[in-house]
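Visitor: Before I plan any work with this protein, I would like to look closely at one part of it, with enough of the surroundings to place it. Please walk me through it step by step, from the interior outward to the chosen part.

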Amino acid sequence: MMRLTDILSKVESYHPAADLELIKRTYAFAAKAHDGQLRRSGDPYVVHPLGVASTIAELKLDVPSICAGLLHDCVEDTSATTDDISKLFGSEIAFLVEGVTKLGKIPWNTKEERQAENFRKMLLAMARDIRVILIKLADRVDNMRTLESMPPEKQERIARETMEIYAPLANRLGIQWIKIELEDLSFRYLFPVEFEALSGKVAIYHRERQKYIDDVCKVLHKELTDAGVECQVYGRVKHLWSINQKMKKTGRELEQLFDIIAFRVLVKDVRQCYETLGVVHSKWTPIPGRFKDFIALPKPNMYQSLHTSVIGPRGERMEVQIRTADMHRVAEEGIAAHWRYKEGRPFDARDEKDQKRFAWLRQLMEWQRDLKDPTEFIETVKLDMFADEVYVFTPKGDVKALPQGAIPIDLAYAIHSEVGHHCSGARVNGLIVPLRYVLRNGDTVEIITSPNQKPNKDWIKYAATSSAKAKIRNYLRTEQREHARALGKELAERELRRYGVSFNKIQKSGELGKAAESLHVTSVEDLMVQIGYGKILPQDLVEAVVPEAERKLVPEPAPTSNPITQLIRKVTRRQTAGIKVAGEDDVLVRFAKCCSPLPGDPIVGFITRGRGVTVHQLGCSKGIDQDPDRRVEVEWDGKLKTPRPVQVQVVCADKPGLLASMSTRFNELGVNITQANCRAMDDHKAVNTFQFSVSDLDQLKSIMRAIQKLTGVFSVSRV
């Protein structure tokens with residue numbers, strides 16, 4: 001258990017003049033505020049703030065950050081307020097605490113909305129003061145270290161959020177040790193069977209390989225010393241999640257992987273980095289295509305190093321990283337290594353170095369401002385913000401960093417929205433290439449535009465950056481909205497004519513605006529759009545603008561249910577497969593084939609005129625592409641559990657008997673396979689796709705876990 005004296009010693013070691021009394025006072029306040037509260041583990045709650053403050057001290061942050069770490073849960077979990085903290089400890093500490101505090105008192109509709117809005121709030125605070133996110137990361141590290149006390153469903157949810165958002169965020173901030181710890185802890189709870197098996201194998205592997213690591217370090221140190229290079233050399237086995245990902249990517253077992261040992265060389269200056277590279281390449285044969293110069297082209301988080309892979313002793317592949325001591329400090333501590341609050345100067349948007357260091361944060365801020373839909377925002381963050389980069393050049397020689405897999409359309413939108421909208425082709429290294437060409441490191445790219453070109457739906461499939469996807473979606477939605485507005489106006493005019501009312505007349509008189517207000521839409525244009533989408537019926541407009549006594553034509557009796565149900569029932573009446581739409585359970589529903597939702601999946605519905613409501617999984621890329629104005633609330637009807645088809649892909653070793661074992665396992669679980677597609681690959685792997693029906697998500701998860709336990713199975717994923 002962490003003690004306050006340990007934290008004070010850490011702070012004093014890097015900040016001798018620190019106000020330790022202030023830290024003691026904030027601890028006393030936190031201990032009193034949390035008095036009587038226990039964690040799920042049974043420990044006093046105050047051990048959590050102490051753990052957070054300890055991690056903040058490891059990042060070598062200032063005293064206000066340490067104090068905010070001790071107080072970070074007081075506003076949310078005790079009777080203390082932000083004003084109390086401000087009066088007792090100052091506005092700076094109060095601001096940091098407020099930035100980390102969750103939006104616990106606002107009733108968001110879904111967990112996804114809560115997650116997105118918490119993240120938005122954090123970004124806004126972080127843009128003003130980067131310490132907010134560092135405290136939040138320290139909070140997440142301590143929560144992950146003590147996650148075993150939580151129920152399994154919470155463990156999985158928190159671990160997934162950590163893997164998808166917080167570990168990549170630590171990577172963006174360049175704090176490698178936090179990124180590695182969060183990934184490995186998330187791995188433990190998301191894939192417990194694989195984690196236990198791999199951690200045991202790696203422990204044995206590390207013991208067996210220690211002599212090899214020691215021998216290579218000695219040889220490399222001697223070669224460099226003889227060449228006049230002062231250095232430190234050490235080797236390590238890569239962390240568990242990294243090894244697991246490499247095993248899945250290559251389809252190999254641990255023993256078959258070559259480059260899971262990395263050697264690191266620390267030298268005095270940049271000149272010696274390149275001298276060391278020459279010594280390494282003269283001693284061992286370099287592997288073509290595996291050299292990366294992050295000194296000349298630093299990563300967006302300002303990481304710098306030389307990476308090379310060589311054929312080392314005994315003919316084994318090994319990776320060597322070469323950097324200076326300062327570069328190493330930045331690589332491990334990231335943004336904390338650039339800390340300036342000690343000098344009294346925070347992040348400055350006008351400072352050129354700060355602009356480069358925080359370009360990704362500026363991009364995040366643009367997204368949180370432009371993407372109002374919570375689901376789209378959080379998916380954008382996950383998809384684009386944390387991808388590996390590829391570096392390309394413009395014809396003027398400017399370097400542009402894009403995610404791996406980016407195409408010319410991504411670069412066009414990175415330059416300007418209008419360039420993207422009218423991008424008709426590209427010239428790469430002087431040659432015309434299609435828009436789907438995948439950009440590679442070092443390409444020189446010239447974008448070709450045409451005034452007649454405009455985006456189409458296929459662009460969303462091929463674009464790699466979420467900023468490009470979002471701009472394409474907005475363009476297509478604007479077009480779609482205009483079509484809906486025109487259709488809505490046509491339907492409204494036709495219905496009003498049936499009652500002898502002129503659309504233009506009531507628009508000029510202002511009656512249409514009053515009708516929009518009474519129907520709870522913001523403008524006449526929005527009213528026409530909603531009619532075009534089918535969310536409001538033309539009959540509702542007639543009832544809003546024409547008094548009943550003045551209607552010249554008596555319409556058919558209106559159904560009593562809501563407008564969505566009325567619209568869809570005009571198509572057909574059909575009992576749904578266990579879905580309620582806006583509270584109604586007799587609505588035409590179809591399930592999207594792109595994501596095949598199952599009972600238990602978070603879902604969302606979209607009105608499709610003439611075809612009822614289409615149900616997607618929440619977060620499905622094709623669902624995100626739909627206009628949010630067409631969205632309707634849908635939920636699973638717990639009374640009905642109609643079996644739904646699902647496809648699962650199993651990647652395994654290509655060896656006799658394994659397919660039979662999988663078939664036997666399906667049979668034991670009472671699952672009838674309706675379709676199977678099995679094919680062997682060139683790398684001694686087999687890819688098998690099985691289709692079968694399940695009643696809900698829990699049944700699918702238990703089936704996938706059972707298949708994953710078979711020896712020789714690398715991965716099981718839902719298609």
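**From the core to the sheet and its aromatic edge**

Guide: In this predicted model, the largest nonpolar core has 96 residues, and those with the most contacts inside it are Val11, Ile23, Ile66, Ile243, Phe263 and Val265. Helix H12 (residues 192–226) supplies the largest share of this core, namely ten residues. Valine 265 shows what such a position looks like: apart from its neighbours within four places in sequence, it touches Leu220, Leu224, Cys231, Gln232, Val233, Thr276, Val320, Gln321, Ile322 and Arg323. A second core, separate from the one just described, has 25 residues, among them Ala406, Trp459, Ala464 and Ile472.

The part to examine closely is an open sheet of four strands, arranged in the order E13-E15-E14-E16 and mixed in its pairing. Strand E13 (589–591) and strand E16 (631–632) stand at the edges with a single partner strand each, so one side of each has no neighbour in the sheet. Between E13 and strand E15 (residues 612–617) the pairing is parallel and runs over three bridges; valine 589 has valine 613 of E15 as its bridge partner, while arginine 590 stands opposite threonine 614 in E15. Strand E14 (residues 603–608), by contrast in sense, pairs with E15 in the antiparallel way over six bridges, and here glycine 605 is found opposite valine 615 of E15. E15 is mostly covered, with six of its six residues buried.

The edge strand E13 also takes part in an aromatic contact. The ring centres of phenylalanine 591 and tryptophan 636 lie 5.9 Å apart with the planes at 15°, under the 30 degrees used as the limit, so this pair counts as stacked. Phenylalanine 591 belongs to strand E13 and tryptophan 636 to strand E17 (residues 634–636), so that the pair links distant parts of the chain, 45 residues apart. Both phenylalanine 591 and tryptophan 636 are buried. Arginine 644 lies over the face of phenylalanine 591, at 3.8 Å from the ring centre.

This stacked pair can be set beside others, for the structure holds nine aromatic pairs. Phenylalanine 29 and phenylalanine 89 form an edge-to-face pair, with 5.5 Å from centre to centre and 80° between the planes. Phenylalanine 29 is in helix H2 (residues 20–33) and phenylalanine 89 in helix H6 (residues 82–89), so the pair ties together parts that are 60 residues apart in sequence. Phenylalanine 89 has a relative accessibility of 11% and therefore counts as buried, the limit being under 20%. Elsewhere, Phe187, Phe191, Phe195 and Trp241 are linked by ring pairs into a cluster.

Further along the chain, helix H29 (residues 658–668) offers a view of a helix with two faces. Leu658, Met662 and Phe666 of H29 are buried, and because they cover an arc of only 85° around the axis, they are on the same side of H29. Residues three or four places apart in an α-helix point the same way, because there are 3.6 residues a turn. On the other side of H29, Asn667 and Glu668 are exposed. The buried residues of H29 pack against strand E18 (644–653), strand E19 (673–680), strand E20 (685–694) and helix H30 (697–708). After H29 comes glycine 670, which has a positive phi, near 75°.

Key: Residues numbered from 1 in each chain as written. Predicted model: local features only at pLDDT ≥ 70, side-chain atom pairs only at ≥ 80, totals over all residues. Heavy atoms only, no water. Buried < 20%, exposed > 50% of the residue type's maximum accessible area, 1.4 Å probe, protein only. Arc of directions from axis to C-beta. Contact = heavy atoms within 4.5 Å. Pairing = 2+ DSSP bridges. Core = buried A, V, L, I, M, F, W, Y, C linked by side-chain atoms within 4.5 Å. Phe/Tyr/Trp six-rings, centres within 6.5 Å; stacked < 30°, edge-to-face > 60°. Lys NZ or Arg CZ within 6 Å of the ring centre and 35° of its normal.
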